[in-house]
Amino acid sequence: MATHIGRDGIVYAGTDAVAEIKDWSIEETADVVSTTVMGDEWTKSKTTQKSWTASFNAFWDESDDGQSALVLGSSITVKFQPQGDTTGLAEWTGTAIINQVSKSGDMAGIIEASFSVTGVGALNYGSVPA
């Protein structure tokens, strides 16, 4: 079984890599409805619609084009490359709406930026193109 090192990951906002990424996550969900009728001994269900969300955290960098592209309420293409940007490696890509942007800091730390997105349509799994 293959394992991968998290530090190799890259997140893109449009065509720009987001600088100073600390972590990221993608969540895919499927709505499930019951199709159980009277007389059924076991619950029956069907999948209806699917959706996805993602979030990522970075050290804030006001000069970074990738972070600057993440404007609240805007729609943008995002790419997650968990193993790096070498041709043929894994990649998730989709269009998303930026639904949350926050900044935080404390006296003993570095200012951080957090971003959350909601997918618009499918999240596509493929590989980094040439």
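## A walk from Trp24 through the structure

Let's start at one side chain: Trp24 has a relative accessible area of 27%, so it counts as partly exposed. Keep in mind as you look around that this is a predicted model.

Trp24 doesn't stand alone. By the rule used here, there are 5 aromatic pairs. One of them joins Trp24 to Trp92, with 6.0 Å from centre to centre and 55° between the planes, which makes it a tilted pair. Find the two on the chain and you'll see that this pair ties distant parts together: Trp24 belongs to strand β3, while Trp92 belongs to strand β6 (residues 90–104), and their positions lie 68 residues apart in the numbering. Trp92 is partly exposed too, because its relative accessible area is 23%, and the limits for that label are 20% and 50%.

Now follow Trp92 onward. Which ring does Trp92 pair with at 5.5 Å centre to centre? That would be Tyr125, again in a tilted arrangement, this time with 50° between the planes. This pair also bridges distant parts of the chain, running from Trp92 in strand β6 to Tyr125 in strand β8 (residues 124–127), 33 residues apart. Tyr125 has a relative accessible area of 58%, so it counts as exposed. Step back a little, and ring pairs link Trp24, Phe56, Phe80, Trp92, Phe115 and Tyr125 into a cluster.

Another ring has a charge for company. Look for Tyr12: the charged end of Lys79 sits over its ring, 4.5 Å from the centre.

Stay with strand β6 for a moment, since Gln100 has its place there. Gln100 is partly exposed, because its relative accessibility is 25%. Leaving out neighbours within four places in sequence, Gln100 is in contact with Leu72, Ser114, Phe115 and Ser116. Phe115 should ring a bell, as it is one of the members of the aromatic cluster. As for Leu72, it is 28 residues from Gln100 along the chain, yet their C-alpha atoms are separated by 6.3 Å.

Next come two spots in loops. Asp64 is in the loop between β4 (45–59) and α1 (65–68). Is Asp64 buried or exposed? It's buried, and it has no salt bridge: the nearest side chain of opposite charge is Lys103, 11 Å away. A salt bridge would need the charged atoms within 4 Å. What Asp64 does touch, beyond residues up to four places away in sequence, is Ala17, Val18 and Ala19.

Those contacts bring you to Glu20, in the loop between β2 (16–17) and β3 (21–34). Its phi is near 65°, a positive value in a residue other than glycine. Glu20 has a relative accessibility of 44%, so it counts as partly exposed.

Finally, zoom out to the whole protein. There is 1 helix along with 8 strands, and from the N terminus on the order reads β-β-β-β-α-β-β-β-β. The radius of gyration is 18 Å, well over the 14 Å that the globule rule gives for 130 residues, so the protein is more spread out than a compact globule. Along the principal axes, the C-alpha trace spans about 65 × 35 × 30 Å. Of the 130 residues, 25% are buried. And what about links between distant positions? Among contacts with a separation of 6 or more, 62% come from residues 24 or more positions apart. The pair of Trp24 and Trp92, 68 residues apart, is a link between distant parts of the chain that you've already met.

Terms used. Residues numbered from 1 in each chain as written. Predicted model: local features only at pLDDT ≥ 70, side-chain atom pairs only at ≥ 80, totals over all residues. Heavy atoms only, no water. Helix = DSSP H or I, 4+ residues; strand = E, 2+ residues; numbered from the N terminus. Buried < 20%, exposed > 50% of the residue type's maximum accessible area, 1.4 Å probe, protein only. Lys, Arg positive; Asp, Glu negative; His and termini not counted. Contact = heavy atoms within 4.5 Å. Phe/Tyr/Trp six-rings, centres within 6.5 Å; stacked < 30°, edge-to-face > 60°. Lys NZ or Arg CZ within 6 Å of the ring centre and 35° of its normal. Rg over C-alpha atoms; globule rule 2.2 N^0.38 Å.
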